[in-house]
Amino acid sequence: MNRVLVIGGGAAGMMAAGQVALCGAEVVVLEKMKQPGRKIAISGKGRCNLTNNADLSEFISHFGRNGRFLRQVFQDFFNNDLIRFFEEQGLDLVTERGGRVFPAQGNAPDVVKTLRHWLEGLSVSLRPDSAVEKLLVRNGKVEGVVCNGNPVYGKSVILATGGASYPATGSSGDGYRLAESVGHSIMPIRPGLVPVVTQGDLAQRLSGLHLRNVGVRLLISDPADGMNRRNRPKKRNAFGELLFMKYGLSGPVILTLSNEIVDALRADQQVQLVLDLKPALDEQKLDARLQRDFRTRHKEPMHSVLRGLMPEKLVQVCLDETGLSPDTPAGEIRTAERKRLRFWLKNIPFIVTGYCGFKEAIITCGGVSLKEVDPRTMASKCCPGLYLAGEVLDLQADTGGYNLQAAFSTGWLAGRSAAEYC
Ligand SMILES: Cc1cc2nc3c(=O)[nH]c(=O)nc-3n(C[C@H](O)[C@H](O)[C@H](O)COP(=O)(O)OP(=O)(O)OC[C@H]3O[C@@H](n4cnc5c(N)ncnc54)[C@H](O)[C@@H]3O)c2cc1C
């Protein structure tokens, strides 16, 4: 039977199915949830950052070492192709800060609607409530699947089941088991782009506070070395928005650093985050600013002067951490006290003790080993007739629209190749 089966109706699966149909082959999408595209519908805080307009080299750099795999894939279908695709389907897009591309109306479900409408127009058969439990293999080749207990046959199968994060959207890690059953190796999966858990109650005291322009220094060291000066810890700096949670830290700047943090903690390394509330001012400039403020407002008590330097919620914490007295007039602050304040403003330390689980992870790091997938076709090197696309693969990127583009691009290529295989 010249039919392609697509397992999973997410970004990769829907794009793949449409491409199969455009190539003239029959296609059936088996989706375990009631509706396809549930993750797309909640992506980008409900706005769906569907790609990024970065050039190829920069785009690939956001995937780390494994980004090389995508060079070939993106040659066939890249960000400009995806933008053109959606605009041709009548979805207006807008490019925002950092090259992030969103639907102009800012409504993620519109992306799903657009994809569904496109598939309907191509007469793609989409079967909801269809959970695939098993791949059927004969003479070493895939010949179908077992879905809700029944066999469904096809000449080729595209595995587009997503990762293991946000399992309530349907992607609960089934794809790893299915891929493993036909000989694929799975690189250890772990939560990616996740909030982190910190020691002590400082984060809890500031819970709900949102800071826009924060510098964050990530320090990673081996336990034997500690954070001492002689064995310098590995450092990485980031800048952006941060959110204090009851249990730790979140927000874009933390998510960006989180994959490295997760790997370090899993390797039993020590992880510390140091916040810089005044990243635009070096120590000297900050000192000059404090001296000026203290001079011009010399009669005002410190608690009032500090309000000009930081959000209200931070003031009491700052007083406690620096030992400054709230009622001392600014003009009476001694040099040593000012230095203490200056140091604190640029160095608020948090020991990181853990990270959130898959339930709260934006992506899954790890997955089907890229060594076993042909980047020219997305064909499995372990099982002829099987193709893989999307987050089930060992591909992970920063926030910014990179992950969805990877899902759409690998889906596009898998669809074209699987149709040809028929
Ligand atoms: C809260 C959140 C926000 C995000 N925001 C963005 C963003 O703005 N930009 C960005 O680039 N990325 C974002 N991402 C990541 C992005 O959504 C994913 O990387 C992308 O959706 C992966 O696409 P996929 O098709 O591989 O998997 P999914 O979109 O997860 O789709 C997989 C589909 O397979 C189905 N399925 C699973 N197992 C089976 C089975 N056994 N049988 C049948 N069907 C099955 C699932 O139900 C699901 O519909 C976000 C993720 C989350 C969780």
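## The second largest pocket

Phe63, Arg65, Asn66, Arg190 and Gln396 lie nearest the centre of the second largest pocket, which is lined by 27 residues in total. The model is a predicted one. The volume of this pocket is about 750 Å³. Its lining divides by class into 10 charged, 9 polar and 8 nonpolar residues.

Four elements each supply at least two residues of this lining: helix H4 (68-76), strand S11 (186-192), strand S14 (234-244) and helix H9 (252-266). H9 gives the largest share, with 5 residues. Why is the second largest pocket placed between domain 1 and domain 2? The pocket lies between them because both domain 1 (3-192 + 359-421) and domain 2 (195-356) give residues to its lining.

## The two domains

The domain assignment of the chain gives domain 1, made of the segments 3-192 and 359-421, and domain 2, which covers 195-356. The contact between them takes 12 residues from domain 1 and 12 residues from domain 2. A distance of 40 Å separates the C-alpha centres of domain 1 and domain 2.

## The barrel

Six strands make a closed barrel, in the order S12-S15-S14-S13-S16-S17, and their pairing is antiparallel. On average, neighbouring strands of this sheet are turned by 45° against each other, with direction ignored. Helix H13 (residues 335-346) packs on the sheet and touches three strands, namely S13 (210-221), S16 (270-276) and S17. The direction of H13 makes about 115° with that of S16.

Strand S12 (residues 196-198) and strand S17 (residues 348-355) run antiparallel and are joined by 3 bridges. Opposite Thr198 stands Val352 in S17. Strand S14 of the barrel also supplies at least two residues of the lining of the second largest pocket.

## The cavity

How many cavities of 30 Å³ or more does the structure hold? There is 1 cavity of that kind. The largest cavity encloses about 40 Å³ of space. Its lining consists of Leu206, Phe244, Leu275, Leu277, Leu314, Val317, Trp344, Ile348 and Phe350. Helix H12 (312-322) and S17 are the elements that give two or more residues to this lining.

By class, the lining of the largest cavity has 9 nonpolar residues, with no polar and no charged ones. The lining of the second largest pocket, in contrast, includes 9 polar and 10 charged residues.

## The open sheet S7-S8-S9

A separate description applies to the sheet with the strand order S7-S8-S9, which is open and has antiparallel pairing among its 3 strands. Strand S7 (132-138) and strand S9 (150-153) each have a single partner strand and stand at the edges, so one side of each is left without a neighbour in the sheet. From one strand to the next, the twist averages 35°.

Over 4 bridges, strand S8 (residues 141-147) pairs with S9 in the antiparallel sense. Gly144 and Tyr153 of S9 stand opposite each other.

## The S4-S5 hairpin and strand S3

Strand S4 (residues 93-96) and strand S5 (residues 100-103) run antiparallel, with 4 bridges joining them. The two strands form a hairpin, and 3 residues lie between them. Which residue in the turn has a positive phi? Gly98 does, at about 75°.

S5 also pairs with strand S3 (residues 51-52), in the antiparallel sense and over 2 bridges. Val101 of S5 stands opposite Thr95, and Val101 is also the bridge partner of Thr51. Strands of a sheet pair through backbone hydrogen bonds, in either a parallel or an antiparallel arrangement.

Conventions:
Residues numbered from 1 in each chain as written. Predicted model: local features only at pLDDT ≥ 70, side-chain atom pairs only at ≥ 80, totals over all residues. Heavy atoms only, no water. Pairing = 2+ DSSP bridges. Axes fitted to C-alpha atoms, helices over the stretch in contact; angles between N-to-C directions. Contact = heavy atoms within 4.5 Å. 1 Å grid on protein atoms, 1.4 Å probe; cavity = no way out; pocket = protein on both sides within 12 Å on 5 of 7 lines; lining within 4 Å. Points joined across faces, edges and corners; volume = space filled by probe spheres on them. Nonpolar A, V, L, I, M, F, W, Y, C, P; charged D, E, K, R; others polar. Domains from an automatic or database assignment.
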